[in-house]
Amino acid sequence: MDILELAFMQRALLAALLVGVTAPAIGIYLVQRRQALMGDGIGHVALTGVGLGFLLNTSPVWVATAVCVVGAVVMELIRSYGKARGDIALAMLFYGGMAGGVMLMALSPNGSNANLTTYLFGSITTVSEQDIVAICLLAAFVIVTTVGLRRQLFAICQDEEFARVTGLPVRLLNLLVAVTAAVTVTVAMRVVGLLLVSALMVIPVAASQQITRSFATTFAMAVAIGVLVTLSGTVTSYYVDVPSGATIVLLAIGVFIALTLLAAPLARKRADKAALAERCTLEDAAAPGAPGTADDVRV
Amino acid sequence: MEQPVISLRGATASLGSRPVLRGVDLTVRRGEVVALLGANGSGKSTAVCSIVGQVPLTGGELELFGTPRRRFRQWSRVGYVPQRTTAAGGVPATVREVVSAGRLARTKLGPSRRADREAVHKALELVGMADRAKDSVDALSGGQHQRVLIARALAVEPELLIMDEPMAGVDLASQEVLASALREEVARGATVLLVLHELGPLEPLIDRAVVLRDGCVVHDGPPPKAVGQHALPGHDHVHPHADPAAEPIRTGLLS
Ligand SMILES: Nc1ncnc2c1ncn2[C@@H]1O[C@H](COP(=O)(O)OP(=O)(O)O)[C@@H](O)[C@H]1O
Ligand SMILES: [Mg+2]
């Protein structure tokens with residue numbers, strides 16, 4: 001395929017691959033904790049970082065990373081300490097971040113509306129050599145964290161109260177989740193854009209869990225779906241000349257719908273089997289979890 | 001004499017601006033099985049939460065295994081079953097995955113080893129859920145959820161088990177399973193602090209009952225016999241925090 005010989009497409013596909021892996025990998029913990037929209041919040045805050053990067057004439061990726069990390073840590077502190085007014089504080093942070101970004105962009109000499117749009121909605125084919133180095137480093141951090149600490153992160157996101165009584169450093173791990181989510185936002189911002197980042201954190205996970213029963217399978221399948229849609233979306237946007245971010249997100253929603261339709265008969269079959277198992281327990285027959293169920297499905 | 005496993009003296013604690021514990025004394029010695037009883041809203045969960053460090057004490061003293069709570073770090077000696085109706089989170093998880101979280105009390109940030117997987121399997125067998133290990137917790141009944149949460153605490157292989165209403169919303173079959181699991185733990189030498197609404201099938205195991213009313217201890221001694229009849233009617237034990245205002249305050253167990 002000739003598109004693999006184009007340097008900018010090589011970069012685009014590498015960036016797409018890394019986003020496809022990292023966004024669902026951290027997103028699954030946010031979904032597990034029922035904080036699916038946290039990525040969206042960080043995306044808003046990131047815009048201030050991008051604007052700052054333009055104003056200071058430095059790499060927007062690194063400045064955005066720094067600003068996102070600060071924003072995510074503040075969000076985590078609001079979540080763990082803030083009670084009644086927590087959501088108001090978050091709203092301030094989100095919209096302040098977005099407005100600040102637009103303002104800074106307007107003030108900076110080489111910031112333009114076109115620039116703003118590439119960061120808001122992604123522009124994968126403009127990923128530079130410098131960007132790709134940053135994206136690789138940041139993605140490595142996200143993968144090491146989300147895979148290496150999966151048992152610990154699973155525990156704190158499943159039942160934080162219990163996790164604290166195991167003596168895990170829960171506060172530290174919570175901050176790590178926030179920082180990792182922030183880093184993922186900047187990894188993904190050139191590919192899908194800040195407004196659509198959260199979609200790639202949430203939709204592959206939601207699609208995957210339509211047909212899975214275990215966390216491990218959900219994780220693996222969400223990453224597989226993430227990679228599938230980012231790569232195919234990138235290729236599509238090259239041939240058809242449509243924005244990459246929108247293409248990727250629409251493809252992800254397509255996968256979600258397909259798996260949801262697939263899941264309905266599957267769930268019915270499982271329910272029938274469970275009912276059968278329930279009835280047979282007295283006779284000590286038909287153990288549940290027999291082979292051939294959807295947890296064995298791999299993409 | 002040996003240090004008590006739990007020693008709570010004159011404990012006070014508030015939730016919001018409301019004083020919930022108003023000078024609670026509670027001592028649990030090694031090998032004892034103590035039931036913490038009381039009407040909804042009497043402060044049982046708050047007492048247990050303060051013992052495991054979820055709710056800060058505003059006054060009084062707390063020692064675990066003879067160590068002041070603030071300096072206590074040996075969480076692998078404690079198995080905790082929080083008051084819950086479900087073991088599920090926002091993403092599917094299997095019974096084994098949830099129970100494995102208990103082993104983190106021992107492995108902390110390190111890897112999971114064969115001994116950890118064996119402990120998880122043993123805990124699942126104790127509560128009769130080994131054949132459901134690969135099932136999603138979403139597919140379980142209320143009683144089975146509770147069994148999973150207890151297995152998670154047992155997987156720690158703790159010396160002290162602290163359970164907040166492990167029998168709430170649990171069917172009779174599960175109650176029997178849990179009672180026998182608990183019996184084995186006690187035979188092994190475990191110390192147990194249990195929050196209960198009624199003694200039920202656990203009654204023969206219980207050495208001592210402590211009854212709370214409005215954040216004060218009103219009884220500490222042999223388990224009161226009539227407790228089942230008094231505590232039972234008209235309470236939704238599954239959602240005890242739902243509407244405290246609707247709770248008649250004077251449903252003290254001994255009144
Ligand atoms: N977050 C909270 N803020 C203020 N009051 C609370 C909170 N949670 C519980 N309470 C109150 O504290 C009291 C004790 O609650 P709890 O310890 O859960 O009782 P129990 O477990 O005995 O039913 C109740 O009256 C309840 O209404
Ligand atoms: Mg309670």
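**Exercise 1. Where in chain A is the place of A:Val202?**

Before starting, note that this is a predicted model, in which local features need pLDDT of at least 70 and side-chain atom pairs count only at pLDDT 80 or more, while totals for chains, interfaces and linings use all residues. Residues are numbered from 1 along each chain as its sequence is written, chains are lettered from A and ligands numbered from 1 in the order in which they are written, and side-chain values use heavy atoms, with hydrogens and water left out.

Solution.
- Step 1: Go to helix 10 of chain A, residues 197-208; A:Val202 sits there. Helices (H or I, at least four residues) and strands (E, at least two) are DSSP runs, numbered from the N terminus.
- Step 2: Look for contacts, meaning heavy atoms within 4.5 Å. Leaving aside neighbours within four places in sequence, A:Val202 touches A:Val31 and A:Ala36.
- Step 3: Try A:Leu56 for a long distance: A:Val202 is 146 residues from A:Leu56 in sequence and 33 Å from it in space, C-alpha to C-alpha.

**Exercise 2. Work out whether A:His44 is buried or exposed, and list its contacts.**

Solution.
- Step 1: Find A:His44 in helix 2 of chain A, residues 38-56.
- Step 2: Apply the cut-offs: buried is under 20% relative accessible area, exposed is over 50%, and partly exposed is in between (1.4 Å probe, protein chains only). A:His44 has 10% relative accessibility, so it counts as buried.
- Step 3: Skip neighbours within four places in sequence, and A:His44 is in contact with A:Phe94, A:Tyr95, A:Gly97, A:Met98 and A:Leu195.

**Exercise 3. Find the protein donors of the magnesium ion (ligand 2) and place them in the chain.**

Solution.
- Step 1: Donors are N, O and S atoms within 2.8 Å of the metal (3.2 Å for Na, K and Ca); water is not among the atoms, so sites may look incomplete.
- Step 2: The protein donors here are B:Ser45 through OG and B:Gln83 through OE1, lying 2.0 to 2.3 Å from the ion.
- Step 3: These two link distant parts of the chain, 38 residues apart: B:Ser45 is in helix 1 (residues 44-51) of chain B, and B:Gln83 is in the loop between strand 6 (78-81) and helix 2 (95-100) of chain B.
- Step 4: Check the cover. B:Ser45 is buried because its relative accessibility is 14%. In helix 1 of chain B, 8 of its 8 residues are buried, including B:Lys44, B:Thr46 and B:Cys49.
- Step 5: Follow the chain past helix 1 of chain B to B:Gly53, whose phi is positive, near 85°.

**Exercise 4. Trace the open sheet of chain B and say which strands stand at the edges.**

Solution.
- Step 1: Two strands pair if DSSP finds at least two bridges between them. The 6 strands of this open sheet have the order 6-7-8-3-9-10, with mixed pairing.
- Step 2: Strand 6 and strand 10 (216-221) of chain B are at the edges, each with a single partner strand, so one side of each has no neighbour in the sheet.
- Step 3: From one strand to the next, the twist averages 15°. Axes are lines fitted to C-alpha atoms, for helices over the stretch in contact, and angles run from 0 to 180 degrees between N-to-C directions.
- Step 4: Count bridges. Strand 6 and strand 7 of chain B run parallel, joined by 4 bridges; strand 3 (residues 33-38) and strand 9 (residues 208-213) of chain B are also parallel, over 5 bridges.
- Step 5: Add the helices. Helix 1 of chain B packs on the sheet and makes about 135° with strand 3 of chain B. Helix 5 (residues 142-154) of chain B packs on it too, touching strand 6 and strand 7 of chain B, at about 165° to strand 6 of chain B.

**Exercise 5. Show how strand 7 of chain B is enclosed, then follow the chain to strand 8 of chain B.**

Solution.
- Step 1: Strand 7 (residues 160-164) of chain B is largely enclosed by the rest of the structure, because 5 of its 5 residues are buried.
- Step 2: Sort the side chains: B:Leu160, B:Ile162 and B:Asp164 point one way, B:Leu161 and B:Met163 the other.
- Step 3: Match partners. B:Met163 is the bridge partner of B:Val81, and B:Asp164 stands opposite B:Val195 in strand 8 of chain B.
- Step 4: The chain goes from strand 7 through helix 6 (residues 172-187) to strand 8 of chain B in a right-handed β-α-β crossover. Right-handed means that, with the strands pointing away from the viewer, the path from the first strand over the helix to the second runs clockwise.
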